[in-house]
Amino acid sequence: MASFEPNIHIAAEEHSLSTLPPYSFEQGAKRLQIYLWHYPADLSPAHPLCTPELQQAACGKPSAGAASGEIRSTARMAERLAAQLVLRQTLGKGVLIGHNADGSPLIEKSTDFAAETDSRALGLRLSVSHTAGVIALALSPRPVGIDIERWDGRALRLASRYLQPMEIRQLPHPTEAAATLYWSAKEAVYKYFNDQTLCDFRLIQLQPHAPGWLSARTQQAPPLPVYYRYFKTFVLTAAAGVEN
């Protein structure tokens with residue numbers, strides 16, 4: 001099974017968004033760019049980088065609905081703003097994050113779009129994840145799914161609900177790290193395929209492949225490589241298509 005090492009760019013400090021480099025189009029389809037930003041806990045539309053257009057993209061149109069109000073006033077709004085800001089930092093102000101009818105993210109034109117400089121960005125695939133003040137954004141010319149999960153014990157408590165019997169046998173003494181890794185990897189695979197039938201994570205089978213890699217199998221497709229990396233407070237996983 002083919003695999004490749006993604007480029008991971010980390011802005012570890014809350015106010016170091018500017019340290020994230022732009023996406024390199026020249027690296028072609030064999031590379032994957034992952035950007036991590038520990039965004040400010042008080043990130044809000046009042047942030048200097050949050051233009052009205054980004055506020056609109058993150059918060060949606062104002063309405064009297066409770067759901068809309070909740071998005072504008074809670075941590076969910078900060079997560080969406082963080083994703084928009086990371087995309088703008090890496091691809092420029094000509095594009096922003098939109099959503100397909102099924103809710104999956106995509107890159108679309110902003111009011112500052114310039115065809116001669118921004119058209120290539122529209123061909124990129126995008127995946128987004130977040131946990132506890134960290135946003136993860138993956139960009140690739142090929143399909144990609146990314147997930148980050150913090151160490152909180154939840155995955156270990158729910159292991160029987162998403163692990164296959166064979167996977168449980170592979171982990172005779174499940175640990176929080178192993179359970180969280182498998183949960184996150186299956187979330188990344190689900191995002192990669194964007195297939196609602198895979199909401200039952202037991203339909204995704206994982207096997208160790210190499211250090212830092214898992215092999216994911218589903219009934220719909222050949223084995224898919226899933227990269228993983230451990231951080232102090234969370235695990236990052238990325239399911240990414242590769243060229244033969």
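Accessible areas come from the Shrake-Rupley method with a 1.4 Å probe. On this basis, the chain of the predicted model exposes about 11,900 Å², of which carbon and sulfur atoms supply 53%. Of the 244 residues of the chain, 47% count as buried. The chain contains eight helices and 11 strands. Among contacts between residues at least 6 apart in sequence, 57% join residues that are at least 24 apart.

Confidence varies along the chain. The average pLDDT is 83, and 86% of the residues score at least 70. Over residues 62–70, pLDDT stays under 50, and the model has six contacts beyond four places in sequence for this stretch. Where pLDDT is low, the predicted coordinates should not be read in detail.

Two of the helices were examined for length and burial. Helix 3 covers residues 75–91 and has 17 residues. At 1.5 Å a residue, helix 3 should span 24 Å, and the distance of 24 Å between its end C-alpha atoms agrees with this. Of these 17 residues, 13 are buried, so helix 3 is largely enclosed by the rest of the structure. G92, just after helix 3, takes a positive phi of about 100 degrees.

Helix 8 covers residues 176–193 and has 18 residues. The expected span at 1.5 Å a residue is 26 Å, and the end C-alpha atoms of helix 8 are 26 Å apart, in agreement. In helix 8, 13 of the 18 residues are buried, so this helix is also largely enclosed by the rest of the structure. Just after helix 8, N194 takes a positive phi of about 50 degrees.

Aromatic side chains were considered next. A pair of aromatic rings is described by the distance of the centres and the angle of the planes. A search of the whole structure finds seven aromatic pairs. One of them is formed by W213 and Y227, whose ring centres are 5.4 Å apart and whose planes meet at 70 degrees. Because planes over 60 degrees apart count as edge-to-face, the pair of W213 and Y227 is placed in that class. W213 lies in strand 9 (residues 213–217) and Y227 in strand 10 (residues 224–230), so the pair ties together parts that are 14 residues apart in sequence. Both W213 and Y227 are buried.

Another pair is made by Y228 and Y230, which are tilted, with 5.6 Å from centre to centre and 55 degrees between the planes. Y230 has a relative accessibility of 42% and therefore counts as partly exposed. Together with W151, Y228 and Y230 form one aromatic cluster. A ring is also involved in a contact with a charge: the charged end of R120 sits over the ring of F25, 4.4 Å from its centre.

The segment before strand 1 (7–11) contains P6. With a relative accessible area of 7%, P6 is buried, because the cut-off for burial is under 20%. P6 and L32 are 26 residues apart in sequence, yet their C-alpha atoms are 4.7 Å apart in space. Leaving aside residues up to four places away in sequence, P6 touches R31, L32, I34, W213 and Y227. The contacts of P6 thus include both members of the pair that is described above as edge-to-face.

Definitions and conventions
Residues numbered from 1 in each chain as written. Predicted model: local features only at pLDDT ≥ 70, side-chain atom pairs only at ≥ 80, totals over all residues. Heavy atoms only, no water. Helix = DSSP H or I, 4+ residues; strand = E, 2+ residues; numbered from the N terminus. Expected span 1.5 Å × (residues − 1). Buried < 20%, exposed > 50% of the residue type's maximum accessible area, 1.4 Å probe, protein only. Phe/Tyr/Trp six-rings, centres within 6.5 Å; stacked < 30°, edge-to-face > 60°. Lys NZ or Arg CZ within 6 Å of the ring centre and 35° of its normal. Contact = heavy atoms within 4.5 Å. pLDDT = per-residue confidence, 0-100.
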